[in-house]
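Trainee: I'm new to this structure and would like to slow down on one spot. Could you take me through a single helix pair and one residue in it?

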Amino acid sequence: MRVRTAYAVAAVMSLALLSGCGAADMTKQASPFANAQGAKTVTLSVQSWVGAQANVAVAQYLLEHKLGYRVDTVQVDEVPAWDALSQGRVDAILEDWGHPDQEKRYVDDKKTITRAGGLGVTGHIGWYVPTYLVKQHPDITNWKNLNKYSSLFRTAESGSKGQLMDGSPSYVTNDKALVTNLKLNYQVVFAGSEAAQITQMKQFAKEKKPFLTYWYAPQWLFKKVPMTEVELPAYKEGCDADAAKVACAYPHTPLQKYLNTDFAKKGGKAAAFLKKFKWTTEDQNEVSLMIADQKMSPADAAKKWVDNHPATWKAWLS
């Protein structure tokens with residue numbers, strides 16, 4: 001699965017502006033609509049990757065067009081989003097990849113955040129190489145052989161070492177610890193964002209160049225750039241408990257939703273709808289592909305998906 005570490009202007013923004021943008025830290029400024037007593041408004045936290053934008057696009061469309069709510073969306077990094085949710089600055093997080101410290105603090109201890117069930121999608125982070133490279137070097141998919149091929153992955157940014165490309169520094173990543181603890185001759189280089197990372201991977205693929213990258217599923221790019229996962233030491237429960245000593249693969253994680261506790265109790269039909277919101281990896285990828293690859297606005301992509309999948313979303317409104 002994909003694990004992340006979170007990382008700054010609170011912004012009320014249209015989803016149409018989100019794809020490829022950096023995330024905002026809005027913990028010091030609230031959306032004017034968040035937790036608005038008696039008003040039919042909902043504020044949704046939007047993470048910076050396109051899958052999360054797809055969730056919010058569809059939820060926003062249905063809340064607005066079927067339930068009559070005004071929806072505000074705010075882009076927030078992962079850990080600050082938990083703080084904002086606890087404080088009522090946002091009402092919901094629709095895709096969380098696992099933050100046990102925040103979950104214990106806000107859900108179990110303070111009880112300011114309420115679990116809202118699974119999204120229906122299982123996330124996985126890993127290291128990937130393009131499949132065309134695997135055809136040339138079949139053993140490159142085992143981490144034990146990566147040092148043998150490190151020279152293939154050298155870039156100006158990585159110097160004499162191979163480059164392991166990561167996306168945003170805001171994502172929880174064990175990669176620096178993995179490189180050190182597995183004694184790999186690689187340098188972690190951050191592209192800066194999911195969009196920048198995708199641009200680099202597509203360029204490498206166009207030129208059939210080697211690349212090694214931190215990546216995650218579900219993700220629409222696999223349909224455009226086939227990639228094969230590198231086998232890291234097997235994940236076992238607790239093997240990533242000490243961030244400095246991690247030497248294992250990332251787990252597979254069922255992605256979760258969370259609501260502000262007051263909103264969960266008093267949010268009426270909107271809260272009930274968000275608790276029922278649950279779709280498949282294929283659903284999410286379908287909307288993500290429209291947004292990121294076909295360059296549709298999130299609202300148009302959501303409408304197209306809603307028009308084509310009435311049986312799925314009507315169950316969320318019942």
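Mentor: Here is a walk through one helix pair, then one residue, then how far to trust the model. Keep in mind that this is a predicted model. Over the protein chain, pLDDT averages 89, and 88% of the residues score at least 70.

Start with helix α10, residues 298-308, and helix α11, residues 310-317. Their axes come within 6 Å and cross at roughly 95°. Angles of 65 to 115 degrees count as roughly perpendicular, and α10 and α11 are therefore roughly perpendicular to each other. So who meets whom at this crossing? From α10 you have W305, V306, D307 and N308, and on the α11 side they meet P310, T312, W313 and W316. Sort the residues of this contact by character and you get five nonpolar, two polar and one charged.

Now zoom in on T312, which sits in helix α11. Is T312 buried or exposed? Neither, quite: its relative accessibility is 26%, so T312 counts as partly exposed. If you skip the neighbours within four places in sequence, T312 is in contact with D283 and W305. W305 is one of the α10 residues we just met. F277 is worth a look too: 35 residues separate F277 from T312 in sequence, while their C-alpha atoms are 9.4 Å apart in space.

One caution before you wander off to the start of the chain. Residues 1-33 have pLDDT under 50 throughout, although the model has 124 contacts beyond four places in sequence for them. Where pLDDT is low, predicted coordinates shouldn't be read in detail.

Methods
Residues numbered from 1 in each chain as written. Predicted model: local features only at pLDDT ≥ 70, side-chain atom pairs only at ≥ 80, totals over all residues. Heavy atoms only, no water. Axes fitted to C-alpha atoms, helices over the stretch in contact; angles between N-to-C directions. Helix = DSSP H or I, 4+ residues; strand = E, 2+ residues; numbered from the N terminus. Parallel < 35°, antiparallel > 145°, perpendicular 65-115°, else oblique. Contact = heavy atoms within 4.5 Å. Nonpolar A, V, L, I, M, F, W, Y, C, P; charged D, E, K, R; others polar. Buried < 20%, exposed > 50% of the residue type's maximum accessible area, 1.4 Å probe, protein only. pLDDT = per-residue confidence, 0-100.
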